Amino acid sequence: MAGKLMDAADLGGLFEDGMTIGIGGWGSRRKPMSLVAALVRSGAKDLRIVSFGGPDVGTLCATGQVREVVHGFVTLDSIAVDPHFAASRQAGSITTTELDESMLVSGLRAAGRRLPFEVTRSGLGSDVLTVNPQIRTITSPYADGQTLVAMPAVPLDLALIHLNRADTLGNGQCLGPDPYVDDLFARAAARTILSAETVLSTRELTANAHPSTLLLNRTMVDHVIEAPGGAHFTACLPDYPRNEELQREYAAAAADPAPWERYRATYLDDESIWRKEAVNA
Amino acid sequence: MSNDITIAEICVAACSDIYRESGELLAHAVGIVPSIGARLAKLTHSPDIILSDGEAFMMSEASPLGKPASAGGVIEGWAPFRRIFDIVATGRRQSIMGASQIDQYGNQNISLIGDWDKPKRQLIGVRGAPGNTANHRVDYWVARHSARLFVESVDMVSGVGNDRAKAAGLKHHHLGVIITNLAVLGYDENGRVKVLSVHPGVDPQEVTDNTGFPLDASNAPETRLPTDEELRLIREVIDPRAVRNREVPVPQPVG
């Protein structure tokens with residue numbers, strides 16, 4: 001069993017132009033922002049991003065690295081709409097596959113199970129099916145004869161996930177109230193990069209926490225990064241809440257190129273400032 | 001009877017009435033007035049409904065308004081987002097959602113304004129609206145009843161309306177009511193929006209004038225007033241800081 005711990009400085013080699021990248025977390029909650037910053041620094045472009053979107057999607061829209069976003073929403077939670085994502089949509093500079101939230105869950109689950117689709121009722125009758133003609137319906141072969149949505153699998157080249165704790169083997173632990181669907185992202189992906197607030201020995205993971213907090217097992221993870229503050233400015237409970245002040249600064253930077261360049265230089269080119277804030281939190 | 005009852009309080013009581021026949025299910029309420037209404041229902045006629053903290057927990061005693069379970073209340077269940085989708089699929093849930101547009105068949109839009117390819121204004125996205133409307137009862141809360149919101153046809157169908165549901169064969173589709181700052185709306189036998197009641201103090205013509213499709217409010221009865229006990233619960237127990245007045249534009253005394 002080889003250790004999977006790697007240095008954040010070496011992440012760049014894992015990103016390629018044109019990749020489909022799934023990003024864990026939910027809105028402005030436990031997003032792998034440190035990994036997103038590494039993706040920005042790599043300069044990889046023409047990306048297809050799959051996400052329950054928040055500032056991860058907005059950041060990659062602002063840097064012009066996104067070709068397509070696959071999403072059920074893009075929100076900052078305390079700010080309803082991510083302004084960077086909205087600006088890209090309104091400029092027509094990205095394409096989107098917009099889905100009901102549960103349809104995206106179905107698509108990721110199908111991919112993780114190596115199935116072509118998952119049947120669901122969600123989406124029927126709505127314009128999700130109108131604007132996504134690639135999504136087809138299917139008729140039940142049984143007596144009910146119902147017409148349902150055949151939500152196609154959403155396989156990923158790469159998944160980026162941030163959790164509270166991990167060991168060097170790739171066992172990942174969620175200590176917060178909601179695991180979101182990070183395990184489905186990992187299963188849907190050919191490779192997964194996991195960042196964690198703290199890397200511990202395997203024994204320490206369950207010394208004071210129930211084993212049910214172990215969300216990812218090591219078959220689901222290829223690389224482990226220790227990134228204290230790695231979800232900043234999004235919430236990473238119970239380690240720290242959302243940094244609303246920094247989120248407001250991020251959102252305000254959508255108005256003009258100059259504040260965005262300042263934001264980018266401060267928080268993306270070198271995210272060590274987030275780590276300091278995490279330590280001070 | 002209090003003589004200083006506000007529109008917000010009338011709307012809270014109307015939201016509470018949504019849960020009268022609910023029984024034991026998860027009550028999901030988006031917005032301040034619906035959240036107060038769900039709490040009021042639980043404390044009065046519908047003790048079996050399960051409240052949510054809006055994050056990951058089911059609450060047998062509600063957390064403070066707008067706050068997660070960590071701020072207080074009594075947790076009775078764990079409902080992280082993925083489990084919410086399982087609950088939605090069982091149908092044991094009801095949702096009061098907001099809307100950016102609603103049309104005459106109850107089709108609702110929260111996704112965007114303008115064209116799909118290049119929207120004039122990107123909004124939050126369809127979120128769970130397609131799944132909610134396909135699976136269980138959905139009601140809508142509109143704090144500002146206007147002709148820009150109630151439109152002839154919505155720009156993107158996020159929540160499925162009655163005409164679309166019929167065409168798609170959605171047998172679990174159930175649109176309840178639309179509660180606005182002017183009126184309570186429902187649906188006629190053809191699935192078209194109709195007026196159920198107009199709030200006391202509101203001119204029925206105002207409802208018609210602020211709706212972008214034909215809507216006759218002239219013969220509608222008045223929306224019921226909250227009882228003294230409901231007013232006490234709203235003002236002293238659920239919302240003592242009167243957050244409700246921030247959501248409804250003009251808190252006019254009407255009693």
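Me: Starting with my notes: buried area is the accessible area (1.4 Å probe) that two parts lose on being put together, summed over both. How much area is buried between chain B and chain A?

Reply: About 3,200 Å² is buried between chain B and chain A, and carbon and sulfur atoms give 53% of that. On the chain B side, Arg82(B), Trp116(B) and Arg127(B) supply 22% of the area buried against chain A, more than any other three residues.

Me: What should I know about the model and its numbering?

Reply: This is a predicted model, where local features need pLDDT of at least 70 and side-chain atom pairs count only at pLDDT 80 or more, while totals for chains, interfaces and linings use all residues. Residues are numbered from 1 along each chain as its sequence is written, chains are lettered from A and ligands numbered from 1 in the order in which they are written, and side-chain values use heavy atoms, with hydrogens and water left out.

Me: Cool. How many residues does each chain bring to the contact?

Reply: Chain A brings 39 residues and chain B brings 39 residues. Contact here means heavy atoms within 4.5 Å.

Me: And how many residue pairs are in polar contact between the two chains?

Reply: There are 21 such pairs between chain B and chain A, both residues being at pLDDT 80 or more. A polar contact is a pair of N or O atoms within 3.5 Å; within protein, one must be able to donate a hydrogen and the other to accept it, and residues adjacent in sequence count only if both atoms are side-chain atoms.

Me: Which parts of chain B touch chain A?

Reply: At least two residues each come from helix H3 (81-90), strand E9 (119-122), helix H4 (129-135) and helix H5 (162-168) of chain B. H4(B) gives the most, with 5 residues. Helices (H or I, at least four residues) and strands (E, at least two) are DSSP runs, numbered from the N terminus.

Me: Switching to chain A: where is Ser126(A), and what does it touch?

Reply: Ser126(A) sits in the loop between strand E5 (117-120) and helix H5 (127-131) of chain A. Leaving out residues up to four places away in sequence, Ser126(A) touches Pro130(B), Val157(B), Ser158(B), Val160(B) and Arg164(B). A polar atom of the Ser126(A) side chain also lies 3.2 Å from the backbone nitrogen of Val128(A).

Me: Is Ser126(A) buried or exposed?

Reply: Ser126(A) counts as buried, because its relative accessibility is 2%. Buried means under 20% relative accessible area, exposed over 50%, and partly exposed in between (1.4 Å probe, protein chains only).

Me: Now salt bridges. How many are there between chain B and chain A?

Reply: There are 4 between chain B and chain A, and 25 over all chains in the whole structure. A salt bridge is a side-chain nitrogen of Lys or Arg within 4 Å of a carboxyl oxygen of Asp or Glu.

Me: Which residues are linked in a network of salt bridges?

Reply: Arg29(A), Asp77(A), Arg242(A), Glu244(A) and Glu55(B) are. Arg29(A) pairs with Glu55(B), their closest N and O atoms being 3.1 Å apart. For Arg242(A) and Glu244(A), the closest N and O atoms are 3.2 Å apart. Arg242(A) is buried at 17% relative accessibility, whereas Glu244(A) is partly exposed at 29%.

Me: What about Asp46(A)?

Reply: Asp46(A) forms a salt bridge with Arg67(A), with closest N and O atoms 3.0 Å apart. The pair links distant parts of the chain, 21 residues apart: Asp46(A) is in the loop between helix H1 (33-42) and strand E2 (47-53), and Arg67(A) is in strand E3 (residues 66-74) of chain A.
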